[in-house]
Structure formats: structure tokens, C-alpha cells
Amino acid sequence: MTFPGNQTVSSLWNGSYTQSGNTVTVKNASNNGSLGAGASFGFNANYSGSNGAPTATCTTG
């Protein structure tokens with residue numbers, strides 16, 4: 001997902017993540033194997049200023 005501002009993920013569940021700038025990549029966590037279609041994850045984020053919604057893009061691989 002890509003944040004429109006300066007948001008940073010502070011915690012995430014049902015996956016593992018990396019963040020580079022405003023782009024966050026989420027993958028399966030080692031303890032949940034492979035999540036199927038319709039599976040979800042949640043996160044908390046920090047920000048200052050405006051807090052716009054992220055743009056999500058899903059890929060496999």
C-alpha cells in the first residue's frame with residue numbers, strides 16, 4: 001500500500017511488513033503460512049498533519 005502523506009506503520013497483525021518511504025509491503029507471517037483470497041491484516045500507523053487513506057495494490061508471488 002502507498003500512503004499519501006508521512007504515515008508510518010507502528011504495528012501490524014496477520015502479516016509481516018517492510019516500509020520504504022510511504023510504500024508499505026505486507027507478506028504472510030511465518031506463523032500463518034499462506035492467506036487465501038479475502039484474508040485480511042490490520043495495522044496501526046503514526047502520522048502528523050493530514051491522514052489520508054492509503055492506496056492498496058495486491059499481487060501474488
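A residue counts as buried under 20% relative accessible area, as exposed over 50%, and as partly exposed in between. By that rule N51, at 46% relative accessibility, is partly exposed, because 46% falls between the two limits. The model described here is predicted, and its chain holds four strands and zero helices, running β-β-β-β from the N terminus on.

**Overall build**
- Taken along the principal axes, the C-alpha atoms of the chain fill a box of roughly 35 × 20 × 20 Å.
- The chain has 61 residues, of which buried residues make up 15%.
- About 4300 Å² of the chain is exposed, and carbon and sulfur atoms supply 48% of that area.
- Among the contacts in the chain with a separation of 6 or more, 51% are accounted for by residues 24 or more positions apart.

**The nonpolar core and its N-terminal members**
- Five residues, M1, F3, V9, L12 and V24, form the largest nonpolar core of the chain.
- F3, which belongs to this core, is placed in the segment before β1, the strand that spans 8-13.
- F3 counts as buried because its relative accessibility is 3%, and the cut-off for a buried residue is under 20%.
- When residues up to four places away in sequence are not counted, F3 touches V9, Q19, N22, V24, F43, A45 and P54, and two of these, V9 and V24, are also listed in the largest nonpolar core.
- One of those contacts, P54, is 51 residues from F3 in sequence, yet the two residues are 4.3 Å apart in space, C-alpha to C-alpha.
- M1, another member of the core, is in contact with V9, N22, T23, V24, F41, F43, P54, T55 and A56, leaving aside its neighbours within four places in sequence.
- V9, N22, V24, F43 and P54 therefore appear among the contacts of F3 and also among the contacts of M1, with contact taken as heavy atoms within 4.5 Å.

**The largest pocket**
- The largest pocket contains about 780 Å³ of space, and of the 21 residues that line this pocket, V26, K27, F41, C58 and T59 are the closest to its centre.
- By residue class, the lining of the largest pocket divides into 10 nonpolar residues, 10 polar residues and one charged residue.
- F41, one of the residues closest to the centre of the pocket, is also among the contacts of M1.

**The loop residue N14**
- N14 is found in the loop between β1 and β2, the latter spanning 16-20.
- The phi of N14 is near 65°, which is a positive value in a residue other than glycine.
- Most residues other than glycine have a negative phi.
- N14 counts as partly exposed because its relative accessibility is 45%, a value between the 20% and 50% limits.

**The segment after β4**
- N51 is found in the segment after β4, the strand that spans 42-46, and A53 lies in that segment after β4 as well.
- N51 and N32 are 19 residues apart in sequence and 30 Å apart in space, C-alpha to C-alpha.
- A53 is exposed because its relative accessible area is 63%, and the cut-off for an exposed residue is over 50%.
- A53 and M1 are 52 residues apart in sequence, while their C-alpha atoms are 9.8 Å apart in space.

Terms used. Residues numbered from 1 in each chain as written. Predicted model: local features only at pLDDT ≥ 70, side-chain atom pairs only at ≥ 80, totals over all residues. Heavy atoms only, no water. 1 Å grid on protein atoms, 1.4 Å probe; cavity = no way out; pocket = protein on both sides within 12 Å on 5 of 7 lines; lining within 4 Å. Points joined across faces, edges and corners; volume = space filled by probe spheres on them. Nonpolar A, V, L, I, M, F, W, Y, C, P; charged D, E, K, R; others polar. Helix = DSSP H or I, 4+ residues; strand = E, 2+ residues; numbered from the N terminus. Buried < 20%, exposed > 50% of the residue type's maximum accessible area, 1.4 Å probe, protein only. Core = buried A, V, L, I, M, F, W, Y, C linked by side-chain atoms within 4.5 Å. Areas by Shrake-Rupley, 256 points an atom, 1.4 Å probe, with all protein chains shown as cover.
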